[in-house]
Amino acid sequence: MPRITPLPATEATPAIDAAFEAHVTDYPGSRITNMKATLGRSLLAFQVYMYWYPLYEEVKKIVGNRQAYLFAHAVSEGSNCPLCTTFFRRIIIDNGERPEDLQLTDSDQALVDFGSAIAQHKGEISDELYAPIAERYTDEQVVVLVAFAGQMMATNVFNNVLDVDIDAYLYPYLPLTNQTQP
């Protein structure tokens with residue numbers, strides 16, 4: 001049960017309605033999820049968190065689509081966020097892979113380990129995990145990757161603190177060990 005329920009459409013102000021509409025227009029395929037509707041209780045909070053999208057697009061430019069969603073999944077899993085982990089499981093599965101049996105290159109593994117460690121250790125990263133990232137990417141790219149991981153963690157924290165319900169469209173993507181629907 002969520003600690004704060006998503007904003008019902010009937011309670012949305014014109015400003016929130018406009019922000020929701022602009023979001024789904026600007027990012028085709030996106031929807032107003034339970035998390036976004038909960039954020040909709042504060043226009044500023046919604047706007048700030050939706051900057052996740054342009055940052056994610058920058059990450060995709062740097063590492064490619066697959067590594068971007070693997071990185072986001074690693075951060076979400078490292079943060080123990082069921083909602084975001086399931087969201088990225090969906091992307092992995094819809095791209096023809098099994099999250100439990102990913103075939104990772106050395107580059108993939110370095111990025112996944114980096115993202116997971118950022119979340120698990122709250123940014124305390126060993127030189128061993130940082131070195132392959134610093135060798136592969138420019139300073140600007142590393143800044144984008146770390147900023148995205150931080151934004152991803154903020155999303156994870158929001159969902160975890162408020163016990164935001166996993167959206168029904170994600171139920172088929174829940175891990176096999178957690179098939180109980182919220």
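Me: Why is Asp94 called partly exposed in this structure?
Reply: Its relative accessible area is 46%. Buried means under 20% and exposed means over 50%. Asp94 falls in between, so the label is partly exposed. One caution: the model is predicted.

Me: What makes Arg90 and Asp94 a salt bridge?
Reply: Their closest N and O atoms are 3.9 Å apart. The limit is 4 Å, so the pair counts. Both residues lie in helix H6, four residues apart, about one turn of the helix. In an α-helix there are 3.6 residues a turn, so residues three or four places apart point the same way.

Me: Why is Arg90 called buried?
Reply: Arg90 has a relative accessible area of 19%. The cut-off for buried is under 20%, so Arg90 qualifies. Arg90 is also among the residues that lie nearest the centre of the largest pocket.

Me: What else is known about that largest pocket?
Reply: Its volume is about 580 Å³. The lining has 29 residues, with Trp52, Tyr53, Phe87 and Ile91 also among those nearest the centre. H2, H4, H5, H6 and H9 each give two or more residues to this lining. H6 gives the most, with six. By class, the lining has 17 nonpolar, six polar and six charged residues.

Me: How do you know that Arg89 and Glu100 form a salt bridge?
Reply: Their side chains meet at 2.7 Å, N to O. That is within 4 Å, so the definition is met. The pair links distant parts of the chain, with Arg89 in helix H6 and Glu100 in the loop between H6 and H7. Arg89 has 7% relative accessibility, under the 20% cut-off, so it counts as buried. Glu100, at 48%, lies between 20% and 50%, so it counts as partly exposed.

Me: Where does Arg89 sit relative to the second largest pocket?
Reply: Arg89 is one of the lining residues nearest its centre, along with His73, Glu77, Thr85 and Pro99. The pocket has a volume of about 340 Å³. The lining divides into ten nonpolar, six polar and three charged residues.

Me: What makes Arg98 exposed, and what is its partner Asp101 called?
Reply: Arg98 has 52% relative accessibility, and exposed means over 50%, so it counts as exposed. Asp101 has 43%, so it is partly exposed. The closest N and O atoms of the two are 3.8 Å apart. That is within 4 Å, so they form a salt bridge.

Me: How do you know that H5 is largely enclosed?
Reply: Eleven of its 14 residues are buried, so the rest of the structure largely encloses H5. Among them are Tyr69, Phe71 and His73. The cover includes H4, H6, H7 and H9.

Me: What agrees with the expected span in H4?
Reply: H4 has twelve residues, and at 1.5 Å a residue these should span 16 Å. The end C-alpha atoms are 16 Å apart, so the span agrees. Trp52 and Tyr53 are among the buried residues of H4.

Me: Why is Asn159 called buried?
Reply: Asn159 has 3% relative accessibility, under the 20% cut-off, so it counts as buried. Its place is in helix H9. Leaving aside neighbours within four places in sequence, Asn159 is in contact with Met35, Cys81, Leu83, Cys84 and Val164.

Notes:
Residues are numbered from 1 along each chain as its sequence is written. This is a predicted model: local features need pLDDT of at least 70, side-chain atom pairs count only at pLDDT 80 or more; totals for chains, interfaces and linings use all residues. Side-chain values use heavy atoms; hydrogens and water are left out. On a 1 Å grid over the protein atoms alone, a cavity is a set of points where a 1.4 Å probe fits but cannot get out, and a pocket is an open set with protein on both sides within 12 Å along at least five of seven lines; lining residues have an atom within 4 Å of a point. Grid points are joined across faces, edges and corners, and a volume is the space filled by probe spheres set on the points. Ala, Val, Leu, Ile, Met, Phe, Trp, Tyr, Cys and Pro count as nonpolar, Asp, Glu, Lys and Arg as charged, and the others, Gly among them, as polar. Buried means under 20% relative accessible area, exposed over 50%, partly exposed in between (1.4 Å probe, protein chains only). Contact means heavy atoms within 4.5 Å. The expected span of a helix is 1.5 Å times one less than its number of residues.
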